[in-house]
Amino acid sequence: MTQHALDLGARADVVVRYLWLNVLWLAVALTIVGAPAATVAMHAVTAEWAEGDERPVAQRFFAALRATGLRATAVGAALAIVASLVTMNVVIAAEMGPQAPFVLGGLGAVTLVTALLATGAPLVITQGARGIGGIARAAAYRVATQPAAAVVSLGLVLAIALAALSFPPSLLMLPAPCAQLVHSIRSKRRVAFHLPRTRSERTYA
């Protein structure tokens, strides 16, 4: 088998693995309640790809879902509560007259900080952070020490959301590669979308 054929096979394997991971993530995330757990599990899979994990995608995804699901769901519930409180206060602030801009500005700052912390949560959960407080502190440390990575992560989340609104099938293409990109940036690795060698590569190497 030629090297060109091996390269094509490896690229096809990468595409199939990303597609399959996106399908698994979407299937769980569409339940809404399962979205935080599915997102953390997806981050765990892409992080372990970078470490050379060669287990089947579904096996690794559901293993991560079992290991981190409760913590991820708890964080998701906390974020939902914060979002609800901010929304309620925005409605109230809109009726406050001259003080409204200052209150809305404060609520905007709270929203931005919360969103940045949320982008760091999947990584720290996969690294073993526990409890809402512990996860929040670990995520805050990540944001404080890697502010550019936090901003890029938030930008990618917004880009995926906008792409999903304009072209829903993009949810089958973008989330997993973006998760691996975020992992590469936050772990200060060389940014590369790579996977373990395929069976054919191992055989003919």
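One salt bridge is counted in this predicted model. The side chains of Arg-60 and Glu-48 form this contact, with an N to O distance of 2.4 Å. Arg-60 belongs to helix 3 and Glu-48 to helix 2, so the pair ties together parts that are 12 residues apart in sequence. The two partners can also be described by their accessibility. Arg-60 has a relative accessibility of 10% and counts as buried, because the cut-off for buried is under 20%. Glu-48 has a relative accessibility of 24% and counts as partly exposed.

The fold around this pair is helical. The protein chain contains 8 helices and 0 strands. Its pattern along the sequence is α-α-α-α-α-α-α-α. The protein chain has 205 residues, of which 40% count as buried.

Helix 2 also carries Trp-49. This residue counts as buried, at 3% relative accessibility. A long-range pairing in sequence involves Trp-49 and Gln-180. These residues are 131 residues apart in sequence, yet their C-alpha atoms lie 8.7 Å apart in space.

Open spaces were examined next. The largest pocket holds about 1200 Å³ of space. Its lining comprises 42 residues, and those closest to its centre are Ala-35, Pro-36, Thr-39, Ala-118 and Val-157. Six elements give two or more residues each to this lining: helix 1 (3-29), helix 2 (35-50), helix 3 (57-93), helix 4 (100-126), helix 6 (147-166) and helix 7 (175-186). Helix 3 provides the largest share of the lining, 10 residues. By class, the lining of the largest pocket consists of 34 nonpolar and 8 polar residues. No charged residue is found in the lining of the largest pocket.

The second largest pocket has about 180 Å³ of space. Its lining is made by Val-75, Ala-78, Leu-79, Val-82, Thr-114, Leu-117, Ala-118, Ala-121, Ile-132, Ile-135, Ala-136 and Ala-139. Helix 3, helix 4 and helix 5 (132-145) each supply at least two of these lining residues. The lining of the second largest pocket divides into 11 nonpolar residues and 1 polar residue, with no charged residues. Ala-118 is among the residues closest to the centre of the largest pocket, and Ala-118 also lines the second largest pocket.

Enclosed space was treated separately. Across the whole structure, 1 cavity of 30 Å³ or more is found. The largest cavity has about 50 Å³ of space. Helix 2, helix 4 and helix 7 are the elements that give two or more residues to its lining. The lining residues are His-43, Ala-47, Leu-123, Thr-126, Val-182, His-183 and Arg-186. Helix 7 gives the most to the lining of the largest cavity, with 3 residues. By class, the lining of the largest cavity has 3 nonpolar, 3 polar and 1 charged residue. The charged class includes Arg, so Arg-186 is a charged residue of this lining. In contrast, the linings of the largest pocket and of the second largest pocket have no charged residues.

The surface was then considered. A nonpolar surface patch of about 590 Å² is formed by Leu-19, Trp-20, Val-23, Phe-167, Leu-172, Met-173 and Leu-174. Leu-174, one of these patch residues, sits in the loop between helix 6 and helix 7. Leu-174 has a relative accessible area of 31% and is partly exposed. A patch residue needs over 30% relative accessible area, so Leu-174 passes this cut-off at 31%.

Backbone geometry gives a further feature. Ile-32 lies in the loop between helix 1 and helix 2. Its phi is positive, about 70 degrees, although Ile-32 is not a glycine. Ile-32 has a relative accessible area of 65% and counts as exposed, because the cut-off for exposed is over 50%. The loop residue Ile-32 is therefore exposed, whereas Trp-49 in helix 2 is buried.

Terms used
Residues are numbered from 1 along each chain as its sequence is written. This is a predicted model: local features need pLDDT of at least 70, side-chain atom pairs count only at pLDDT 80 or more; totals for chains, interfaces and linings use all residues. Side-chain values use heavy atoms; hydrogens and water are left out. On a 1 Å grid over the protein atoms alone, a cavity is a set of points where a 1.4 Å probe fits but cannot get out, and a pocket is an open set with protein on both sides within 12 Å along at least five of seven lines; lining residues have an atom within 4 Å of a point. Grid points are joined across faces, edges and corners, and a volume is the space filled by probe spheres set on the points. Helices (H or I, at least four residues) and strands (E, at least two) are DSSP runs, numbered from the N terminus. Patches are made of residues with over 30% relative accessible area and no salt bridge: like charges are joined within 9 Å, nonpolar side chains (Val, Leu, Ile, Met, Phe, Trp, Tyr) within 5 Å. Accessible areas come from the Shrake-Rupley method with a 1.4 Å probe; for residues, only the protein chains shown count as cover. A salt bridge is a side-chain nitrogen of Lys or Arg within 4 Å of a carboxyl oxygen of Asp or Glu. Buried means under 20% relative accessible area, exposed over 50%, partly exposed in between (1.4 Å probe, protein chains only).
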